[in-house]
Amino acid sequence: MTDEPCQCSDCQRFYREHDRLIREFPTLKQQQELNWASIQSFRTLCGKVTEDLQKRLTYSDHKVHKSCKDINIFTNEELEEAINELENINAYLYSIEALMERIFDIKVSDKIETKFKEVAGEIAPDPLNIDRLILNRLFHQTPDFPDKKN
Ligand SMILES: [Zn+2]
């Protein structure tokens, strides 16, 4: 028996996104830039939210919050808990960024980049490509293949 990959909607969404990122960023350089930008944007957003929550915590300490309804949405406990979690995430992201920097420094020749594109096309072909559609139809008609729901 072969291990069938999970077909729940979350996993399917992941497979689609995974393949799309290979299809749209098929070279080493593009993958480096994509992942660098993704870590940076993640870090920027988490950092800004943490800063904002810390400010709210300081305000509520000084009881300024009584004049501002918006700040009352969070209790101090909620704020502290969220700040702790986000600080953990930021620390992990910082470590990932240090490793990504090493990966980012590596360059390969155009010949190798061509190989990347070639393999990308094989493992994540355009789902709307006619060959892929025909292949999918054949695949689903194969009688000894276990039934796929949906
Ligand atoms: Zn799943």
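**Exercise 1.** Which side chains meet in a salt bridge with an N to O distance of 3.0 Å, one of them being K115?

*Solution.* The model examined here is predicted. Step 1: the partner of K115 is E118, the N to O distance being 3.0 Å. Step 2: both residues belong to helix 4 (residues 110-123), where three residues, about one turn of the helix, set them apart. Step 3: E118 is partly exposed because its relative accessibility is 41%, and K115 is likewise partly exposed, at 45%.

**Exercise 2.** Determine whether D52 and R56, which form a salt bridge, are buried, partly exposed or exposed.

*Solution.* Step 1: the closest N and O atoms of D52 and R56 are 2.9 Å apart. Step 2: the two residues lie in helix 2 (residues 28-61), four residues apart, about one turn of the helix. Step 3: buried means under 20% relative accessible area. R56 has 15% and is therefore buried, whereas D52, at 36%, is partly exposed.

**Exercise 3.** Describe the salt bridges that involve helix 1 residue R13 and the network that includes R20.

*Solution.* Step 1: R13 pairs with D10, with 3.0 Å between the closest N and O atoms. Step 2: both lie in helix 1 (residues 9-24), three residues apart. D10 is partly exposed, with a relative accessible area of 49%. Step 3: salt bridges link R20 with E17 and E24 in a network. The total count for the structure is seven salt bridges.

**Exercise 4.** Locate the surface patch of negative charge that includes E77.

*Solution.* Step 1: the patch gathers E77, E78, E80, E81 and E85. Step 2: E77 lies in helix 3 (residues 76-105). Step 3: with 62% relative accessibility, E77 is exposed.

Definitions and conventions: Residues are numbered from 1 along each chain as its sequence is written. This is a predicted model: local features need pLDDT of at least 70, side-chain atom pairs count only at pLDDT 80 or more; totals for chains, interfaces and linings use all residues. Side-chain values use heavy atoms; hydrogens and water are left out. Patches are made of residues with over 30% relative accessible area and no salt bridge: like charges are joined within 9 Å, nonpolar side chains (Val, Leu, Ile, Met, Phe, Trp, Tyr) within 5 Å. Accessible areas come from the Shrake-Rupley method with a 1.4 Å probe; for residues, only the protein chains shown count as cover. A salt bridge is a side-chain nitrogen of Lys or Arg within 4 Å of a carboxyl oxygen of Asp or Glu. Lys and Arg count as positive and Asp and Glu as negative; His and the chain ends are not counted. The place of a charge is taken as NZ of Lys, CZ of Arg, CG of Asp or CD of Glu. Buried means under 20% relative accessible area, exposed over 50%, partly exposed in between (1.4 Å probe, protein chains only).
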